[in-house]
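Biologist: I've got a fresh model to look through, and I'd like to learn how to read it. Can we go through it together, one question at a time?

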Amino acid sequence: MIFSKFERMLAWRYLRAKRKEGFISVITGFAFTGIALGVATLIIVMSVMNGFKSELLSRILGLNGHIMVVSTPGYPFTDYLSATKDLEELEGVEIAIPMIEKQLLISTGTVAEGAIVRGISKADIIKKDVLRDGLKNVNIEAFDDDYVILGERLADKLGVMVGDEITLISPNGKVTAFGTVPRMKSYVVLGTFNVGMYEYDSNFVFMPIEAAQKFFGLYGAATQIDVTLSNGDDLKQMRHMIEESVGLDAYVYDWKQSNSAFFNAVDVERNVMFLILTLIILVAAFNIITGLIMLVKDKARDVAVLRTMGATKGMIMRIFMADGAYIGIVGTLIGVVLGIVFCLNIEHVRHFLEFLSGRDLFSAEIYFLSQLPAEINWTEVSIVAVVALVLCFLATIYPAYRAAKYDPVEALRYE
């Protein structure tokens, strides 16, 4: 809708309430504030949900592949080197990493913790960017039979430092005449890693694949091969191709299967939050209706004079619709800027709020990540802004229509 210069000027003058119209100005201010806060809140929440999902996905795929090929129980891959080579030759496969993954107990003599051990070669550790970048003062060249790398939070729980000795205890031990004896062996902590995801940093141990083969009695074998794709969008097609290549000799599953419940919950929460927070903007739009209705009633004499001077009903409608448009546009712009600035500085805001409250507002044990993420999706920001503007525009229709219906004779008579 195009407003003439006269209509814009008159609408702007009406928004600048006089002293006796102060209450109308207060309602207008509430409408501005409500729209700005609603838009900003919606952008912040959506960005945090996007960042949370993106960060979790990058951490999960940073330590795991898009597709996992797992051996059947009791039948590990004895020809895993040739199988790995065959997988890497498939078009669309970036890297394939053989490994051994088992659960066991770690003991320091005074403290014991359950953990997941992954046997992996140092060359394959370097291929994983997230893991490689997360290593803390680790000389990867010294990663051999007698050394392990612990998650940083796991090391803190065990109370060990670099150079300390830990004992790994596996329940799947040797069978003797006196029963099953657990496997036990001592290793030296070569260093720690921190990938920024609590589940991994507090539960995972990496050891050389040769050492894992000896410890678990899997000489020359591996239990799984992690496949990382060049393009994650080809997941379904590549999984089908790998399933056909391995046949019934192994189980094939992808990261979406192993994390489906969690990511589905995140998506549902994100959509519900969008609907709920949109109601904040809707409430602010009702404030616009209230303010404009009171403004129309207050300006009844002005409307009557304008009508007697030749103003059409359409002009009167556009004047008051322009008032609502001013409120909606300015409020939305302020909200967009406020939301983007907040998202770009969200970690600083979090630290400031934690300093004021003296509490941890983003516990890694609960939220999995050690930092509060925010990823701005400009398409979603545009959608939020458009939704806000549309709601504000719709809120102006009834008050403007009511103003246009005023009978100038009746309005002047009662004045």
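Modeller: Sure, and keep in mind that this is a predicted model. Let's start with a salt bridge: the side chains of Glu 101 and Arg 118 meet in one, at 2.6 Å from N to O.

Biologist: Which strands do Glu 101 and Arg 118 lie in, and how many residues apart in sequence are the parts that the pair ties together?
Modeller: Glu 101 belongs to strand β2 (residues 93-107), while Arg 118 belongs to strand β3 (residues 112-119). The bridge therefore ties together parts of the sequence that are 17 residues apart.

Biologist: Is Arg 118 buried or exposed?
Modeller: Buried means under 20% relative accessible area. Glu 101 comes out at 27%, so that partner counts as partly exposed. Arg 118 has just 3% relative accessibility, so the answer for Arg 118 is buried.

Biologist: Strand β3 also holds Glu 113. Which residue does Glu 113 meet in a salt bridge?
Modeller: The N to O distance in this bridge is 3.9 Å, and a salt bridge has to be within 4 Å. The partner sits in helix α6 (residues 152-158), 44 residues away from Glu 113. Glu 113 is partly exposed because its relative accessibility is 23%, and the partner is partly exposed too, at 33%. That partner is Lys 157.

Biologist: How many salt bridges are there by this rule?
Modeller: Another example is Glu 88 with Lys 127, whose closest N and O atoms are 4.0 Å apart. Glu 88 is in helix α3 (residues 80-88) and Lys 127 in helix α4 (residues 122-127), with their positions 39 residues apart in the chain. Counting by the rule, the total is nine.

Biologist: Which residues are joined into one network by salt bridges that share partners?
Modeller: We've just met two of the members, and both count as partly exposed: Glu 88 has a relative accessible area of 32% and Lys 127 one of 38%. Shared partners bring Asp 124 in as well. So the network, as defined by salt bridges, joins Glu 88, Asp 124 and Lys 127.

Biologist: Let's go inside. How many of the eight residues of helix α8 are buried?
Modeller: Helix α8 runs over residues 209-216 and is mostly covered. Among its buried residues are Ile 209, Phe 215 and Phe 216. Right after the helix comes Gly 217, with a positive phi near 70 degrees. The buried count for α8 is six.

Biologist: Where does Thr 223 lie, and is Thr 223 buried or exposed?
Modeller: Thr 223 lies in the loop between α8 and β9 (224-229). Leaving aside neighbours within four places in sequence, Thr 223 has contacts including Val 69, Phe 77, Met 99 and Glu 101. Its relative accessible area is 11%, so Thr 223 is buried.

Biologist: How far apart in space are Thr 278 and Gly 38, C-alpha to C-alpha?
Modeller: Thr 278 is part of helix α11 (residues 260-298), and 16% relative accessibility makes Thr 278 count as buried. Leaving aside neighbours within four places in sequence, Thr 278 touches Leu 42, Val 387 and Leu 391. Thr 278 and Gly 38 are 240 residues apart in sequence, yet in space the distance is 7.2 Å.

Biologist: Now the outside. Which residues form a negative surface patch?
Modeller: One member, Asp 249, is in the loop between α9 (235-246) and β10 (250-254). Asp 249 counts as exposed because its relative accessibility is 58%. The full patch is Asp 79, Asp 86, Glu 89 and Asp 249.

Biologist: How much accessible area does the nonpolar patch with Phe 393 have?
Modeller: Phe 393 is found in helix α16 (residues 378-404) and counts as partly exposed, at 36%. The other patch members are Val 386, Val 390, Leu 394 and Ile 397. Together they have about 410 Å².

Biologist: Last one: what percentage of the residues in the protein is buried?
Modeller: The protein has 17 helices and ten strands. Its accessible surface is about 21800 Å², with 59% belonging to carbon and sulfur atoms. Of the 415 residues, the buried share is 47%.

Terms used. Residues numbered from 1 in each chain as written. Predicted model: local features only at pLDDT ≥ 70, side-chain atom pairs only at ≥ 80, totals over all residues. Heavy atoms only, no water. Patch = residues over 30% accessible without salt bridge, like charges linked within 9 Å, V, L, I, M, F, W, Y side chains within 5 Å. Areas by Shrake-Rupley, 256 points an atom, 1.4 Å probe, with all protein chains shown as cover. Lys, Arg positive; Asp, Glu negative; His and termini not counted. Charge placed at Lys NZ, Arg CZ, Asp CG, Glu CD. Helix = DSSP H or I, 4+ residues; strand = E, 2+ residues; numbered from the N terminus. Buried < 20%, exposed > 50% of the residue type's maximum accessible area, 1.4 Å probe, protein only. Contact = heavy atoms within 4.5 Å.
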